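Let's take a walk through this one together. Keep the viewer open and turn it as we go.

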Amino acid sequence: MSFKTVERKPLTLAERTYVPQILNGLSHTFKKMVKPNETLEYPEARPPIPEGYRGVPTLVKDPNGREKCVSCQLCEFVCPPKAIRIKPGEISADADTAHVEKAPQEFDIDMLRCIYCGLCQEVCPEEAIWLQNVFSVSGYTREELVNDKERLYELGGTLPDEHFKWDKKKAAEEAGNGAH
Amino acid sequence: MIQPAQPDLVTVYIDGKEIAVPKGTNVIEAAKMVGTDVPHYCYHEKLSVAGNCRMCLIELGMPMADRATREPIMDPETGKQKINWIPRPQIGCGTTVVPGMHVKTQSKMVKECREGVMEFLLINHPLDCPICDQAGECKLQEQATGYGRGYSRFIEQKNVKPKRTQLGPRVTLDDERCVLCSRCIRFSQEVAKDDVLGFVDRGSYSTLTCYPGKELSNNYSLNTVDICPVGALTSTDFRFKMRVWFLKQTDSIDTESSVGANTVVWSREGEIYRITPRQNDEVNDTWMADSGRVLYKEVQADNRLKPSSELATSVSAAASLLDDGNVAIVGSGRSSVEEQFLTAKLAKKIGAASYVVGRHGEGDGILISADRNPNTRGALVTGLISELPTTELSQLAADIDAGKVTTLLSVGEDLTAAGLSDEQLAKVNLVYVGSHSNATSAAATVIIPTLTVFEKSGTFINQQFRIQKFKSAVPGLKGAADDRVVLASLLEKLGDEAKGSDLASVWAEIAETVPALSGISYANVPKSGLLIDGSAWSGLDFPEGESLHFKPATAEASA
């Protein structure tokens with residue numbers, strides 16, 4: 001076992017007064033006082049949400065106000081924690097959107113189960129379910145943390161649509177085979 | 001040319017694999033035997049060959065021989081006979097094997113043919129998969145994965161056809177999805193013998209419709225939904241109820257008649273959504289009647305008997321009533337073999353006379369027979385009865401009137417429907433063991449709620465004396481007990497040695513005591529059922545007429 005003896009230099013006079021160190025520290029303090037804040041005063045201030053952020057899953061309507069979900073239940077199938085519950089239903093033959101035929105009767109997402117993985121959004125063939133920018137969810141009971149269909153549409157709102165698949169289908173249906 | 005090993009076998013080569021298949025087999029079936037799947041839409045093994053979808057195109061070749069001398073032409077490179085490949089693809093379904101035939105199912109040409117056919121089929125097929133009930137069990141979806149191109153080159157507008165046609169009371173047609181395979185038309189002609197479907201219009205406007213003024217209302221109409229390779233024909237009852245990939249499949253037996261059609265019960269989380277046929281080439285091929293598909297509704301029927309007390313309490317109450325000496329037992333032709341065995345044992349134990357209520361209707365010659373009890377033969381085999389059951393229990397009625405019977409046990413049978421009057425029921429102490437309420441349960445002193453056929457497991461013996469298994473598809477109603485458990489605990493309460501009420505121990509007992517069922521256990525009854533020797537009952541005049549895969553014994557003897 002060998003030891004190395006380190007030589008300690010005695011403090012200089014300036015060091016012994018502590019003045020340079022205090023001044024150095026204070027200069028940092030004054031610099032920070034005039035610099036803009038680096039932290040956020042949450043919850044009064046909210047962070048900017050980047051594009052592609054995965055917040056609370058919501059259901060959206062197309063620009064014409066038609067509910068996009070057709071209750072194909074693919075999200076229910078793919079959901080890893082089984083947070084989604086759908087009861088499919090038929091659109092009555094005299095409704096405006098009768099050509100879509102199918103819409104959810106009930107659509108529940110249990111936010112206590114949701115893990116914000118975004119697989120539901122990825123799998124949706126109708127682009128009806130979107131993880132949007134709500135990230136903070138709280139409630140007093142378990143029931144209140146299950147988002148039902150009404151709440152999901154309220155959270156989701158309307159998103160721009162590039163396809164209008166069903167509108168085109170309806171137009172084709174109205175034009176009939178004579179349009180060929 | 002290689003001679004077949006047996007005269008009725010033909011040796012063919014599929015993708016180079018040699019196989020001997022029966023004469024008359026087509027290439028699709030032969031390929032299936034070597035484990036190769038030839039995709040197809042219009043071909044169905046139980047229907048005639050139409051050959052109109054062109055999906056099963058394959059390459060065909062025959063060994064080359066000199067035209068003049070019939071000498072085989074050898075390939076000097078391999079030393080084997082040269083193969084003369086037909087330059088154009090042939091359909092597999094319409095090609096019957098001949099000795100020495102060579103088939104390619106995986107060649108480049110075959111693959112390109114399939115891709116071409118798929119592209120044409122998808123031209124006018126709507127993008128309905130998210131709302132289509134067939135999604136998940138759709139042949140078009142499956143083959144599109146294998147042979148589709150992933151995008152469409154077709155930029156024109158797709159054809160428009162009727163989307164919600166009611167073909168009949170139970171079948172809804174979406175014409176846009178139809179690939180014109182004509183399976184449903186051939187089924188209606190050949191199996192249901194109700195020729196109401198057909199195509200109208202030409203080319204891409206071809207549309208499936210019903211004959212004007214008629215509808216697809218026969219009792220086999222839902223089989224067209226099962227065989228539809230796409231989502232064109234859908235069941236009105238199951239439409240938009242649940243996606244098929246969520247459903248659990250359980251093997252079961254149709255209970256509406258003694259045919260015993262094999263079925264699959266589709267359920268999710270304890271709720272049954274639909275019943276479809278299960279293939280059994282000895283019983284029902286791939287078909288079943290529509291009337292058997294709605295039977296699952298009895299599970300959640302309003303008149304289900306709900307338990308009001310503990311099972312042990314009601315069993316001891318019933319046992320004390322049954323101990324009085326003048327007991328009669330009405331068993332059921334709807335009970336399983338195990339339950340009938342225990343009922344017979346119970347009758348023997350307490351010295352009671354046992355009856356079974358007969359149910360008769362008209363047989364349709366296909367899959368519904370005249371005997372509407374699924375298990376009359378089970379009652380005979382287990383010794384519950386020795387004569388064929390009658391619809392009216394007049395002997396029992398007379399015994400009640402004469403005061404010979406003071407206690408009555410009914411296993412799920414409504415005795416007023418079997419000819420007993422309310423006054424007669426009021427005269428006796430009535431124990432009712434059953435799943436649904438009726439006039440008998442209303443008159444009963446003790447009611448023990450039990451399970452429906454979808455909630456329990458067991459066996460039935462059908463008209464061919466074929467013993468077939470059914471399994472519990474959904475958990476039983478809370479508190480209701482399995483009939484088998486109820487009967488076994490009644491026996492135990494009445495002083496019988498406890499032998500267990502599980503299937504294995506009941507079957508151990510059955511195999512020991514019932515001669516016709518010796519050597520059988522629940523576990524070793526195969527999926528397709530097991531024929532047992534019914535010659536001991538050949539003297540009885542069974543009501544069944546001829547039906548699919550069944551000839552009555554009397555008809556057989558005279559033939």
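What follows starts with the domains and the chain contact, then moves into two sheet regions and a helix.

Bear in mind that this is a predicted model. Let's begin with the layout of chain B. Its domain assignment splits the chain into domain 1 (9-120), domain 2 (128-138 + 156-300) and domain 3 (311-558). Notice that domain 2 is given as two segments. If you put a marker at the C-alpha centres of domain 1 of chain B and domain 3 of chain B, the two markers sit 53 Å apart.

Now look at where the chains meet. On the chain A side, 19 residues are in contact with 14 residues of chain B. Strand 2 (84-90) and helix 6 (165-175) of chain A each bring at least two residues to that side. As for chemistry, the side of chain A that touches chain B is a mix of eight nonpolar, five polar and six charged residues.

Next, swing over to strand 13 of chain B, residues 262-268. How many of its seven residues are buried? Five are, so the strand is mostly covered. Strand 13 of chain B pairs with strand 12 (residues 248-253) of chain B in the antiparallel sense, over six bridges, and there you'll find Ser252(B) opposite Thr263(B). Strand 13 of chain B also pairs with strand 14 (residues 271-277) of chain B, again antiparallel and over six bridges. In that pairing, Trp266(B) faces Arg274(B) across the strands. Strands 13 and 14 of chain B form a hairpin with two residues between them, and Glu269(B) takes a positive phi near 50 degrees there.

Our last stop is another sheet of chain B, an open one of three strands in the order 20-21-22 with antiparallel pairing. Strand 20 (458-461) and strand 22 (530-531) of chain B are the edges: each has a single partner strand, so one side of each has no neighbour in the sheet. Four bridges tie strand 20 of chain B to strand 21 (residues 466-470) of chain B, with Ile461(B) standing opposite Ile467(B).

Lying across strand 20 and strand 21 of chain B is helix 7 of chain B, which runs at about 85 degrees to strand 20 of chain B. This helix covers residues 337-350 and includes Ile350(B). Why does Ile350(B) count as buried? Because it has 21 other C-beta atoms within 10 Å, and the cut-off is 20 or more. Beyond its neighbours within four places in sequence, Ile350(B) is in contact with Leu322(B), Val327(B) and Leu494(B). The C-alpha atom of Ala328(B), 22 residues away along the chain, is separated from that of Ile350(B) by 9.3 Å.

Methods:
Residues are numbered from 1 along each chain as its sequence is written. Chains are lettered from A and ligands numbered from 1 in the order in which they are written. This is a predicted model: local features need pLDDT of at least 70, side-chain atom pairs count only at pLDDT 80 or more; totals for chains, interfaces and linings use all residues. Domain bounds come from an automatic or database domain assignment. Two residues are in contact if their C-beta atoms, placed from the backbone, lie within 7 Å. Ala, Val, Leu, Ile, Met, Phe, Trp, Tyr, Cys and Pro count as nonpolar, Asp, Glu, Lys and Arg as charged, and the others, Gly among them, as polar. A residue is buried if 20 or more other C-beta atoms lie within 10 Å of its own, exposed if 12 or fewer, and partly exposed in between; C-beta atoms are placed from the backbone. Two strands pair if DSSP finds at least two bridges between them. Axes are lines fitted to C-alpha atoms, for helices over the stretch in contact, and angles run from 0 to 180 degrees between N-to-C directions.
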